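Me: I should like a close look at one part of this structure, namely its salt bridges. Please explain with care which residues take part and how they are placed.

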Amino acid sequence: MSRSYKSVARSFEWWLTHRALPLSGKPHAGPNGNRKSKAPIDLTKIERVLVVRLDEIGDVVLTTPFLRELRANLPNASITLLVKPDIRNLVELCPYVSEVITYQPPASKYWRSIQATSLAKRLARSHFLARQFDIAIVPRWDADSYYASMVTYLSGASTRVTYSEHVAQEKRRSNVGLDRLFTHVLNLAEQKHEVERNLDLIHFLRGEVADDRLEIWIGDEDEAFAEQFLRDHGVGPRDSIVTMAIGARYPRRVWPLARYVELGSWFKRNCDGFIVIIGNEDERHLGDEMSRVLGKRVLNSAGKTTLRQATALLKRSSLFVGNDTGPMHLAAAVNCPVIEISCHPEGGSTGHPNSPTRFGPWGVPHAILQPRTSLDSCFNACDSDKAHCITGVPVSRVAEVFSKLFNNRSQVA
């Protein structure tokens, strides 16, 4: 695609998203139309709710306290949760929502806004308009890269709530004009954990928050899978299990496989137990290699489980060790102590998506091991497209903290 063609495509998409849609009106528009409203939201009048969470595993896990507290404040409301198809397995047993609907955001590199508009209108016709939502909520603080704003705007909800485009620099750059698609926006830029940000939306709705713990909901069939998987690999009910997630969505977050192998070798020499590798199909080869090098006490489940089945394995684990990725939050949600190996340097930007300030383990004994400093060419955060700053975390530091948490589950390093 030529540079001039790219420029035209981006200009047209910007016009469609930020100008044409807000001026075109929307189905079931409320009395405020597209104007911002300063009127407080009355929870006693809300009967039908849409929550749009088109994000990854970790983001959704960190939203579980929000879903629970939303239900506590709206005990009789119908709550619809919209997620991506590959997240459905994680939330379909959630007791706090009335239904789960899936939506796959557009994947094309150019003209995504046009495709997103078509998909969102189709979704609205098939699922949303008949429900006549009183309120739609997007519990996402930073940039909206999945067109959740457009889906919410076209949902038919007369009240639409999210965080303002002005809360973060990247959001100001990439989401210019999206505030106009909402009736109420929060402009809270204070650096805090994403769990707290999600719950700030409950406070904004003038609701009460009683509990901030994470939750995950698994079924009897998931428990049975975990029991059978461990039994098939010779793991007894008294054996200790350490679960490792050795891949990640972004290469910069992946601690080198050779170091996981070295850590696994240290574990075999100094501890009695099994290592279970979890992850997706793309990460299966990493687990295969680690199992091949270290032997039969390393069990590779990567690519062989659903999200709930992997959670059931984590539920039986004494410790989680891994990169900044979704399984880390699954571990925290089932009260498994966590060692996070982070690519984000100590003293780095607390607002960055890699920052443990925003996305660190929540509510469990944990240790976060970060590079002391960023490597050359990186500043305030690792910006590499491969494992880079994370190589500043040595195996010896991980092994030291591993020993403390493995031998004393209540100790926070």
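Reply: The following account describes the salt bridges, with attention to the residues that form them. This is a predicted model, in which local features need pLDDT of at least 70 and side-chain atom pairs count only at pLDDT 80 or more, whereas totals for chains, interfaces and linings use all residues. Residues are numbered from 1 along each chain as its sequence is written, and side-chain values use heavy atoms, with hydrogens and water left out.

A salt bridge is a side-chain nitrogen of Lys or Arg within 4 Å of a carboxyl oxygen of Asp or Glu. Searching the whole structure gives 31 salt bridges.

Consider R308 and its partners. R308 forms a salt bridge with E221, at 3.1 Å from N to O. E221 lies in helix α9 (residues 220-232) and R308 in helix α12 (residues 307-315), so this pair ties together parts that are 87 residues apart in sequence. Helices here are DSSP runs (H or I, at least four residues), numbered from the N terminus.

R308 also meets the side chain of D222 in a salt bridge, at 2.7 Å from N to O. D222 is in helix α9 and R308 in helix α12, so the pair ties together parts 86 residues apart in sequence.

Accessibility can be described as buried (under 20% relative accessible area), exposed (over 50%) or partly exposed (in between), with a 1.4 Å probe and protein chains only. R308 is buried at 5% relative accessibility, and D222 is buried at 2%, whereas E221 is partly exposed at 46%.

Elsewhere, a network of salt bridges links R53, D55, R140, D142, E194, R197 and R358.

Definitions and conventions: Helices (H or I, at least four residues) and strands (E, at least two) are DSSP runs, numbered from the N terminus.
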